[in-house]
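Subject: Handover of a protein structure

Dear colleague,

I am writing to hand over a structure for your study. Please find the sequence and the model below, followed by an account of what was found.

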Amino acid sequence: MAEYGTQPRMGFFTDTSVCIGCKACEVACKEWNEVPGRDLDLLGTSYDNTGDLGANTWRHVAFVEQEVQPVPPAPPAVDLGMPAVGAPAQDGEEPGVRWLMSSDVCKHCTNAGCLDVCPTGALFRTEFGTVVVQQDICNGCGYCVPACPYGVIERRESDGRAFKCTLCYDRLGAGLEPACAKACPTDSIQFGVLDELRERADERVRDLHGSGVPEARLYGRDPDDGVGGDGAFFLLLDEPEVYGFPPDPVVPTKHLPQMWKRAAAAALGVAGTLVVSFLGRRR
């Protein structure tokens with residue numbers, strides 16, 4: 001079990017199969033964290049009115065509307081002079097819309113690019129394993145924005161500082177669960193010890209597969225992925241791209257240690273060449 005100090009790593013498991021799109025988590029997040037509202041944005045392609053995560057949207061419930069194609073009717077049976085067996089074939093299903101709901105949030109990555117590139121130490125890893133921005137230290141440089149493989153963190157236009165989900169750090173310190181999880185009426189958002197959530201998610205996927213939902217899969221659960229696993233991961237009912245997630249996220253700073261080692265080796269090589277050249281001239 002990953003631990004930070006004396007605390008086990010905490011996180012979110014969001015089961016999108018039971019999300020009803022009520023947006024209670026969005027409202028609870030804004031109210032508790034005093035996140036500013038945003039202007040009404042009629043996107044024109046969805047009933048979703050918040051669009052995506054950003055400095056003023058730390059929880060975003062995505063509405064994914066999919067057109068369902070009708071199932072073609074079965075071909076007519078060939079008359080072989082035998083008595084019919086079973087019920088007659090039904091006509092194709094009527095087309096309609098399939099709704100997928102998903103409450104998105106900062107992933108609190110194991111290998112957090114935003115944390116790696118912050119020059120002021122405004123971003124830090126808490127004792128719960130989450131990643132938080134200290135607003136009194138952030139200078140608004142914006143380096144963290146392109147370092148996030150999920151496009152989560154953003155600078156607020158009003159003052160230029162970066163903002164994102166803190167996983168309700170103040171509530172965790174008081175022994176409370178995050179506001180969004182507390183407000184979720186269906187337990188789609190589950191909060192707890194990350195290792196326990198992963199076990200619970202694995203069991204949930206097995207149950208769904210056994211009940212005839214083979215498309216159920218986990219996203220961000222694998223500790224060996226390009227970000228070292230997410231502190232907030234999801235159960236999806238379709239491909240990640242359908243929900244707006246990158247299929248294979250990779251933290252931009254993943255190879256930073258190797259780059260620094262190579263740069264140091266190159267610098268030593270240049271220095272050695274200069275020393276040899278200088279000594280050669282003196283001789």
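In its unreviewed entry, UniProt gives the annotation "binding site" to C118, C138, C141 and C144. These four residues span 27 residues in sequence, yet no two of their C-alpha atoms are more than 10.5 Å apart, so they gather at one spot. Please keep in mind that the model is predicted.

Two members of this group can be described individually. C118 belongs to the loop between helix 2 and strand 6, the latter covering residues 123-125. With a relative accessible area of 19%, C118 is below the cut-off of 20% and therefore counts as buried. C138 is placed in the loop that runs between strand 7 (131-133) and helix 3. The relative accessible area of C138 is 16%, which makes this residue buried too. Leaving aside residues up to four places away in sequence, C138 is in contact with T120, A122, V133, R161 and A162.

The record holds a further group under the name "binding site", again from an unreviewed entry: C106, C109, C114 and C148. Although they span 43 residues in sequence, no two of their C-alpha atoms are more than 11.3 Å apart, so these residues also gather at one spot.

Within this group, C114 sits in helix 2, which covers residues 113-117. C114 is buried, at a relative accessible area of 10%. Beyond residues up to four places away in sequence, C114 touches L123, V131, C144 and A147. One of these contacts, C144, is itself listed in the group that contains C118. C148, by contrast, is in a loop, between helix 3 (144-147) and strand 8 (154-155). C148 is likewise buried, at 17% relative accessibility.

I turn next to the pockets. The largest pocket holds about 290 Å³ of space. It is lined by 19 residues, and those closest to its centre are G51, H60, D104, Y243 and G244. Two elements give two or more residues to this lining, namely strand 4 (59-68) and strand 5 (96-105). Strand 4 provides the largest share, with 4 residues. By chemical character, the lining of the largest pocket comprises 10 nonpolar, 5 polar and 4 charged residues.

The second largest pocket has a volume of about 220 Å³. Here 14 residues form the lining, and A55, N56, E154, R155 and E157 are the closest to the centre. This lining divides into 3 nonpolar, 5 polar and 6 charged residues.

How do the two strands that line the largest pocket relate to each other? Strand 4 and strand 5 run antiparallel and are joined by 10 bridges. As one example, R59 has V105 of strand 5 as its bridge partner. Of the 10 residues in strand 4, 7 are buried, so this strand is largely enclosed by the rest of the structure.

Both strands also appear in the surroundings of helix 1. In helix 1 (residues 24-33), the buried residues are C25, E26, A28, C29 and N33. The elements that cover them include strand 4, strand 5, helix 5 and strand 10. Just after helix 1, E34 adopts a positive phi of about 55°.

Two further residues with positive phi deserve a note. C168 is not a glycine, yet its phi is positive, at about 50°. C168 lies in the loop between strand 9 (162-163) and helix 4 (169-173), and at 6% relative accessibility this residue is buried. D187, also a residue other than glycine, has a positive phi near 60°. The position of D187 is in the loop from helix 5 (179-183) to strand 10 (189-193).

Finally, a few values concern the chain as a whole. The secondary structure of the protein chain consists of 7 helices and 12 strands. Of the 283 residues in the chain, 41% are buried. Considering contacts between residues at least 6 apart in sequence, 66% join residues at least 24 apart.

I suggest that you begin with the two annotated groups and then proceed to the pockets.

Yours sincerely,

A colleague

How values were computed:
Residues numbered from 1 in each chain as written. Predicted model: local features only at pLDDT ≥ 70, side-chain atom pairs only at ≥ 80, totals over all residues. Heavy atoms only, no water. UniProt positions renumbered as here; feature names shortened; annotations may be inferred. Buried < 20%, exposed > 50% of the residue type's maximum accessible area, 1.4 Å probe, protein only. Contact = heavy atoms within 4.5 Å. 1 Å grid on protein atoms, 1.4 Å probe; cavity = no way out; pocket = protein on both sides within 12 Å on 5 of 7 lines; lining within 4 Å. Points joined across faces, edges and corners; volume = space filled by probe spheres on them. Nonpolar A, V, L, I, M, F, W, Y, C, P; charged D, E, K, R; others polar. Pairing = 2+ DSSP bridges.
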